[in-house]
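Q: I am new to this structure and would like to learn how to read its main features. Could we go through them one at a time?

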Amino acid sequence: MNTDWSTYVQGVGTLHLSRSLRFADIFRDKYREAFAIKKPGSILEIGCGTGALAKALHRWYPGAAITAMDRDTAFIEFARKQAPEITFQEADAARPPYADHTFDVTISNTVAEHIPPQAFFGEQYRVLRPGGVCIVLSARRGISVPAPCVAKESDFEKEIWQRVEDRCAEMEKKVGVCQYPMNEREYPLCMEKYGFRNVSTEYITINLTPDDPVYSPDMGRAMINAEHQTRLDAINSLKAIAPDLVSHEERVEMRRLINQKYNRRMALYDAGIKQWDTSVSVTMVMRGTK
Ligand SMILES: C[S@@+](CC[C@H](N)C(=O)[O-])C[C@H]1O[C@@H](n2cnc3c(N)ncnc32)[C@H](O)[C@@H]1O
């Protein structure tokens, strides 16, 4: 049983809602083009979290056998309930429990930076069939401009975040967050170092702007809800991360303030009063052949 990531880094709700948006069908063609998967027979996702990418792959490549693994028990339990048609397994990506030459495709999203490169790339190379494809998605610097009604922080809020800043960083280090970061030049070099051929790179931007009419009202509301849940999860995690630094009453008050702000944001959305707040993610997609 390992729930370090879901307890200290990103909660189930945060990952589920944010990634369901990022891998929504409206973006399918962008991803399919970048993945360029010709033979999707068997796909292994490394570090699948709550399963949003695995579920998207299941929709986008009907007939493919999808296995998805993660070290966090809470993520795997949640994902299994959501998508019983996918094989979700609790396992360590540094020692994946699969035989050599098993999969046609291995894929991951924002996982490479958390695992030693020798294990991350070396193990994917091992479990891929000859001619199989390794696809690595890595988040790059994006754009985030919040709506004024959620951006404004009181002195109380600022003080709480200041109080826990060092502790949060400490916990992330303990859980192994981002211990192996690489830039856009180092990643492809690293893939080649571990034996992959025909390495290529592509960049996908995903624009999440609730007020943009290209998105349905359901999707616009889901964007606001995802941000709302992310903020609430951050406060909820303080119970485990810093129980001595933030009291129960302070967490209750923080949650009240967050709910107030996002209820206001949602009311503006529902009234059609545009805010044009936006979150644009840039994802580097690397692809290499065994
Ligand atoms: C930033 S999250 C991304 C999750 C998922 N790929 C997504 O995009 O929603 C990183 C994930 O890697 C997983 N992870 C980190 N180290 C791992 C390891 N050694 N083995 C398996 N999973 C690992 C974490 O549990 C977490 O789910």
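Q: Which residues come nearest to the ligand?
A: The model is a predicted one. Of the 20 residues around the ligand, those that come nearest are W5, G47, G49, R71 and A93.

Q: Which elements give two or more residues to the shell around the ligand?
A: They are α2, which spans 12-22, and α4, which spans 52-60.

Q: How do the residues of that shell divide by class?
A: The shell around the ligand holds 10 nonpolar, 5 polar and 5 charged residues.

Q: How should the packing of two helices be read?
A: Two packed helices are described by the angle between their axes and by the distance between those axes. Here, α2 packs with helix α10, residues 217-241, at an angle of about 155°, and the axes are 8 Å apart. Angles over 145 degrees count as roughly antiparallel, and α2 and α10 are therefore roughly antiparallel to each other. The crossing in which α2 passes α10 is left-handed.

Q: Which residues of α2 and α10 meet?
A: From α2, the residues are G13, T14, L17, S18 and L21. They meet A222, M223, N225, A226, Q229, T230 and D233 in α10. By class, this contact of α2 with α10 has 5 nonpolar, 6 polar and 1 charged residues.

Q: At what angle do α10 and α11 pack?
A: The angle between α10 and helix α11, residues 248-270, is about 175°, with the axes 10 Å apart. These two helices, α10 and α11, are therefore roughly antiparallel to each other.

Q: Which residues of α10 and α11 meet?
A: On the α10 side they are G220, R221, I224, H228, R231, L232, I235, L238 and K239. Their counterparts in α11 are R251, M254, R255, I258, Y262, R265, M266 and Y269. The contact of α10 with α11 divides into 9 nonpolar, 2 polar and 6 charged residues.

Q: How should a sheet be read, and in what order do the strands of this open sheet stand?
A: Strands of a sheet pair through backbone hydrogen bonds, either parallel or antiparallel. In this structure, 7 strands form an open sheet with mixed pairing, in the order β3-β2-β1-β4-β5-β7-β6. At the edges stand β3 (87-90) and β6 (197-208); each has a single partner strand, so one side of each is left without a neighbour in the sheet. On average, neighbouring strands of this sheet are turned by 20° against each other, direction ignored.

Q: Do β1 and β4 run parallel or antiparallel?
A: Strand β1, residues 42-46, and strand β4, residues 103-109, run parallel and are joined by 4 bridges. Within this pair, I43 has V105 in β4 as its bridge partner.

Q: How many bridges join β5 to β7, and over how many do β6 and β7 pair?
A: Strand β5, residues 128-145, is joined by 11 bridges to strand β7, residues 278-289, and the two run antiparallel. In β7, R287 stands opposite I135. The pairing of β6 with β7 is also antiparallel, over 10 bridges. There, L208 stands opposite S279 in β7.

Notes: Residues numbered from 1 in each chain as written. Predicted model: local features only at pLDDT ≥ 70, side-chain atom pairs only at ≥ 80, totals over all residues. Near = placed C-beta within 6 Å. Nonpolar A, V, L, I, M, F, W, Y, C, P; charged D, E, K, R; others polar. Axes fitted to C-alpha atoms, helices over the stretch in contact; angles between N-to-C directions. Parallel < 35°, antiparallel > 145°, perpendicular 65-115°, else oblique. Left-handed = near helix turned anticlockwise from the far one by under 90°. Contact = placed C-beta atoms within 7 Å. Pairing = 2+ DSSP bridges.
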